[in-house]
Amino acid sequence: MHRIRIRGCRPLSGEISIGGAKNAALPLMAAALLTEERLILSNVPQLADIHTMATLLAQHGITVERVARDRRMLALGGAITNPEAPYDIVRKMRASVLVLGPLLARLGQARVSLPGGCAIGTRPVDLHLKGLEQLGAQITLEGGYIQATAPCRLTGAKIVLPFASVGATENILMAACLAKGRTVLANAAREPEIADLAACLNKMGALIGGIGTDRLTIDGVARLHGAEHETIPDRIETGTYAVAAAISGGAIRLRCARLDHLGSVVRILREAGVEIIEDGGGVTVRRLDGLHGVDVMTEPYPGFPTDMQAQFMALMSVAEGAAMVTETIFENRFMHVPELNRMGARINVHGASAIVRGVATLSGAPVMATDLRASVSLVLAGLAAKGETVVNRVYHLDRGYEALESKLAACGAAIERLV
Ligand code: EPZ
């Protein structure tokens, strides 16, 4: 099994190119099910999760090809031949459930394996199902599968989400595009990935209003057509490398990064003593004199993202003073804490909050984590630690960070993959 070895305590300096957002590209790919014409997506990162979505779509009958002249461009198209998303693929990647809304809207039927829990929480899909039921779908759960039908086309409805779920917003949004009449989706999630999906759907002929707000209006159309769309840059990859600059005491320019997508991450990092300056084509991040403890609470966008919580905790573990980090989105997202503590961090968890008392230095150790962001937080801690850190279970990192080692190594990190 692959591992990553880091020899820490080197300030990073240089430039990193930010790739397309994984969490934008996955729903954009699922949107290909909404039309028989070709959807061309550019700036798609080369990641394990993207490959899994391509495999899922292929078994529905949609061909997904990397365009030879630009490996970041995907051409998707074809007739749907199979309405079933099997357990073997869905269990590998929960975002597979995003095919449910499009399949149902297009075919009037879908059979999608229930995703089940994962390392960071139970993660039910009840809000996806209730929303689709409000659009007229009949849904039963049988043998671990969601069995959904809508023989007479979905019908627009007023839907109020009790919680601004990203995935539920995306599934309902895609389904409503082909429903009869108007759908109003209130308390919708406002993450930039949702605005990106809505922008692409509108290019495909959908009529979506309120993009970027928590109230989306969707006037259903009979059919959607092909389109070309460029995926937004990955705001979590941006935030992660911003922390890499700060924790190592260096300065990195993040090419193609968009500050306007970072929400409260910018304010929090600045409060912690990190300089962040936007220029024409990117953002430069530099640690100023010292780092200070800052309290954060994860919230839906534009609040502090749960997907940056572990990385921020690694940063706080070497800041002066204390920081309270509260996780409100997932119930089990502190799996990195015992591993950071093994590297010398002083973190205590009390329910949904962790108190991080900063230490002068961390020390390298063999570590491992059970999800993507927890794993990358250990890489970040390794950059600041004395001695050698070996991060195990690297396949989590490969799901969400393209060329992590070479991007960091190009900025002077002593990091390599051991195979
Ligand atoms: C998306 O997951 C992201 N994944 C996650 O990225 C991210 O952590 C999360 O949004 C929150 O920002 C993709 O975009 C592919 P949610 P999603 O539905 O859609 C509860 C990463 O590291 N909930 O907003 O699954 C749920 O259990 C990751 O890249 C229900 O109770 O997130 C959770 O506690 C992992 N019922 C909370 O809402 C539902 O029907 C937020 O989930 C749906 C969600």
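Reader: Leaving aside its neighbours within four places in sequence, with which residues is T52 in contact?

Author: In this predicted model, T52 lies in helix α2, which covers residues 48-60. The relative accessibility of T52 is 12%, and buried means under 20%, so T52 counts as buried. Once the neighbours within four places in sequence are set aside, the contacts of T52 are I89, K92 and M93.

Reader: Where does M93 lie, and is M93 buried or exposed?

Author: M93 is placed in the loop between α3 (87-90) and α4 (100-107). Its relative accessibility is 1%, and the cut-off for a buried residue is under 20%. M93 therefore counts as buried.

Reader: Leaving aside neighbours within four places in sequence, which residues are in contact with M93, and what separates the C-alpha atoms of M93 and M53?

Author: With neighbours within four places in sequence left aside, M93 is in contact with L26, D49, T52, M53 and R399. One of these, M53, is 40 residues apart from M93 along the chain. The C-alpha atoms of M93 and M53 are separated by 8.2 Å.

Reader: How many of the nine residues of α1 are buried, and which are they?

Author: Helix α1 is largely enclosed by the rest of the structure, because eight of its nine residues are buried. L26, which is in contact with M93, is one of the buried residues of α1. The full list is K22, A24, A25, L26, P27, L28, M29 and A30.

Reader: Which helices each supply at least two residues of the shell around the ligand, and which gives the largest share?

Author: Helices α1 (22-30), α5 (126-134), α6 (166-177) and α12 (372-384) each supply at least two residues of that shell. Three residues of the shell make up the largest share, and they come from α5.

Reader: Of the 20 residues around the ligand, which come nearest, and what is the make-up of the shell by class?

Author: The residues that come nearest, of the 20 around the ligand, are D126, L127, S165, D307 and I329. Sorted by class, the shell has nine nonpolar, five polar and six charged residues.

Reader: At what distances do N or O atoms of V166, R333 and R373 lie from an oxygen atom of the ligand, and what share of the ligand's accessible area does the protein cover?

Author: For V166, a backbone N or O atom lies 2.8 Å from an oxygen atom of the ligand. Side-chain N or O atoms supply two further pairs with ligand oxygen, at 3.3 Å for R333 and at 2.7 Å for R373. On its own the ligand has 830 Å² of accessible area, and the share that the protein covers is 85%.

Reader: Which strands pair with β1, and what are the partners of R3 and R5?

Author: Strand β1 (residues 3-7) pairs with β26 (residues 414-418) in the antiparallel sense over five bridges. Four bridges join β1 to β25 (residues 388-392), and these strands also run antiparallel. R3 stands opposite L418 in β26, and the bridge partner of R5 in β25 is V390.

Reader: In the open sheet of four strands, what is the order, and which strands stand at the edges?

Author: The open sheet has mixed pairing and the order β18-β19-β21-β20. Each edge strand has a single partner strand, so one side of each is left without a neighbour in the sheet. The strands at the edges are β18 (296-297) and β20 (346-350).

Reader: How many bridges link β19 and β21, and which residue stands opposite T326?

Author: Strands β19 (residues 322-326) and β21 (residues 353-357) pair in the antiparallel sense, over five bridges. Opposite T326, in β21, stands S353.

Reader: Where is the proline that a cis peptide bond joins to Y301, and what is omega?

Author: The residue joined to Y301 by the cis peptide bond is P302. P302 lies in the loop between β18 and α10 (309-316). For this bond, omega is about 10°.

Reader: What are the phi values of C9 and C256, and how accessible are these residues?

Author: C9 is in the loop between β1 and β2 (13-17), while C256 is in the loop between β15 (251-255) and α9 (265-271). Neither residue is a glycine, yet phi is positive, at about 65° for C9 and near 75° for C256. Both count as partly exposed, with relative accessibility of 43% for C9 and 40% for C256.

Terms used:
Residues numbered from 1 in each chain as written. Predicted model: local features only at pLDDT ≥ 70, side-chain atom pairs only at ≥ 80, totals over all residues. Heavy atoms only, no water. Near = heavy atom within 4 Å. Polar contact = N/O pair within 3.5 Å; in protein donor to acceptor, adjacent residues only side chain to side chain. Areas by Shrake-Rupley, 256 points an atom, 1.4 Å probe, with all protein chains shown as cover. Nonpolar A, V, L, I, M, F, W, Y, C, P; charged D, E, K, R; others polar. Buried < 20%, exposed > 50% of the residue type's maximum accessible area, 1.4 Å probe, protein only. Contact = heavy atoms within 4.5 Å. Pairing = 2+ DSSP bridges.
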